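Trainee: I am new to this structure and would like a close look at a single part of it. Could you take me through the second largest pocket, and then place it beside the other features worth finding?

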Amino acid sequence: MRTAYSVETVRSAERELMARLPEGALMQRAAAGLAAACAGLLRDLLGRVYGARVVLLVGSGDNGGDALYAGARLARRGAAVTVVPLASGRTHEGGLTALLGAGGRVADDPFDVLTAADLVLDGITGIGGHGGLRPDAVPVARAARGSGALVVAVDLPSGVEAGSGEVTGEALRADVTVTFGTYKPGLLIDPAREHAGAVRLVDIGLAPHLPSVPELEALQHEDVARLLPVPTGESDKYRRGVVGVVAGSARYPGAAVLAVSGALRGGAGAVRYVGPGADAVIARFPETLVHGGPPSKAGRVQAWAVGPGLGDAPCDGSGPEAAVADVLASDVPVLVDADGLRLLDAETVRGRTAPTLLTPHAGEAAALLGVARPEVEAGRLTAVRELAARYGATVLLKGSTTLVADPDPAVPVRVNPTGTSWLATAGSGDVLSGLSGSLLAAGLPARDAASVAAYLHGLSARLASRNAPLAADDVAENLPEAWRNVVG
């Protein structure tokens, strides 16, 4: 599992570690790891380190010192290293002395050396930076990005917000980020994540000084495999989980089919469908148990998924409002998505004794919070936490970074690492609703059900697309293959 910590937590851990080490030792550890990573990248790029042209963009902070000491190590291996100081009179003195002593030099014309660079090290700002790049750094950063050189960020790309993933001004886009000690939230959450490129973690001995509970978690294959509910010889459909699906309308019958598809291929023992799309559902999935409604009369279920494609058409003869209210009155876990979200009352959700999982995209989240969509997209971490707190529910915020927040603010937010831009297609959210509902019915806690569903959903899309267009049905059909990829 990948974990990330807040800037304040990282700073505190660094202070504890530095108190146990000789002065400057921690920076030397970081520089050694950074230089080793850059040397490997240069070998991949040029087949050698000797003679490679490396440019260091250096600000006044410790990131600049890391870059300078790493540059000195590369210079001693024969690289031609040039520094572009961007904080006149405040460049890290020890690092600059080490670089010049190893044969590095200070640039006369930063734009000239960038034109010829093979690799650029971005050490302009560190994890304490806010508000984007300073105006005087912007032209140099743009020249670095346009140079054709490989851009490597030191700890994180300059200009992004380390603690939130927000980008509030101009920021440098890196091809690779070499980060130290632990991941920072901005390396895992968009829009900052898009600026980080491939992220490499360098161990500098920080782990023993970090708290046991991180701010963010990102599940990996082994974590998902451990959580997946696998049937045993004693399993029946109820032990595997029966999920009720309330979805679809005359206008959106496909939503019902896709939600049921996600539930069945997500491992449900059985699916009970309630809604006007019964004929379409049975035609595609004859094993589905259908009912005319209301949901509370449909039969035994261990979880409900409600909302995809409800529109304004009648559901069980009383309208979507009645169907959503009926489901929320149940004593089993409930997932609410899509059209169901606009019918929610926060007090009703907070008053439920069974878990509730909300799965909005950015537009739906904005409506629930009463803010503009760009505000949610720019500050995903803030938005998902606020929603979870306001509704007392687990919230899965879909988007370029899918986040899962627990209503307990002390529980780490989870970040899904498997998404792909090809998931931006109609109906993919309906598949996710059915899949998440099936995992809730199997007994997974809401946070685990949402996290595992997002992981499998994204992995299935990757398998289905192979960098080519896909439809929502492709995602559903590839869920068993995604499952096999995880469990091995």
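**The second largest pocket and its surroundings**

Mentor: In this predicted model, the second largest pocket encloses about 620 Å³ of space. Its lining is made up of 33 residues, and those closest to the centre of the pocket are Arg11, Gly61, Asp62, Asn63 and Asp66. Three helices, α1 (7–18), α2 (25–46) and α3 (62–76), each give at least two residues to this lining, which by class holds 14 polar, 11 nonpolar and 8 charged residues.

Beside this pocket you can set the cavity, for the count comes to 1 cavity of 30 Å³ or more, and the largest cavity has a volume of about 50 Å³. The lining of the largest cavity consists of Leu219, Thr402, Val404, Arg414, Val415, Asn416, Ser451 and Ala454, a set that divides into 4 nonpolar, 3 polar and 1 charged. Both β18 (413–415) and α18 (446–465) supply at least two residues of that lining.

Strand β18 also leads you to the sheet, an open one of 11 strands with mixed pairing, in the order β1-β9-β18-β17-β16-β15-β14-β13-β10-β11-β12. At its edges stand β1 (2–4) and β12 (289–291), each with a single partner strand, so one side of each has no neighbour in the sheet. From one strand to the next, the twist averages 20 degrees. Within this order, β16 (residues 394–397) and β17 (residues 403–405) run antiparallel and are joined by 3 bridges, with Val395 standing opposite Ala405 in β17.

Key. Residues numbered from 1 in each chain as written. Predicted model: local features only at pLDDT ≥ 70, side-chain atom pairs only at ≥ 80, totals over all residues. Heavy atoms only, no water. 1 Å grid on protein atoms, 1.4 Å probe; cavity = no way out; pocket = protein on both sides within 12 Å on 5 of 7 lines; lining within 4 Å. Points joined across faces, edges and corners; volume = space filled by probe spheres on them. Helix = DSSP H or I, 4+ residues; strand = E, 2+ residues; numbered from the N terminus. Nonpolar A, V, L, I, M, F, W, Y, C, P; charged D, E, K, R; others polar. Pairing = 2+ DSSP bridges. Axes fitted to C-alpha atoms, helices over the stretch in contact; angles between N-to-C directions.
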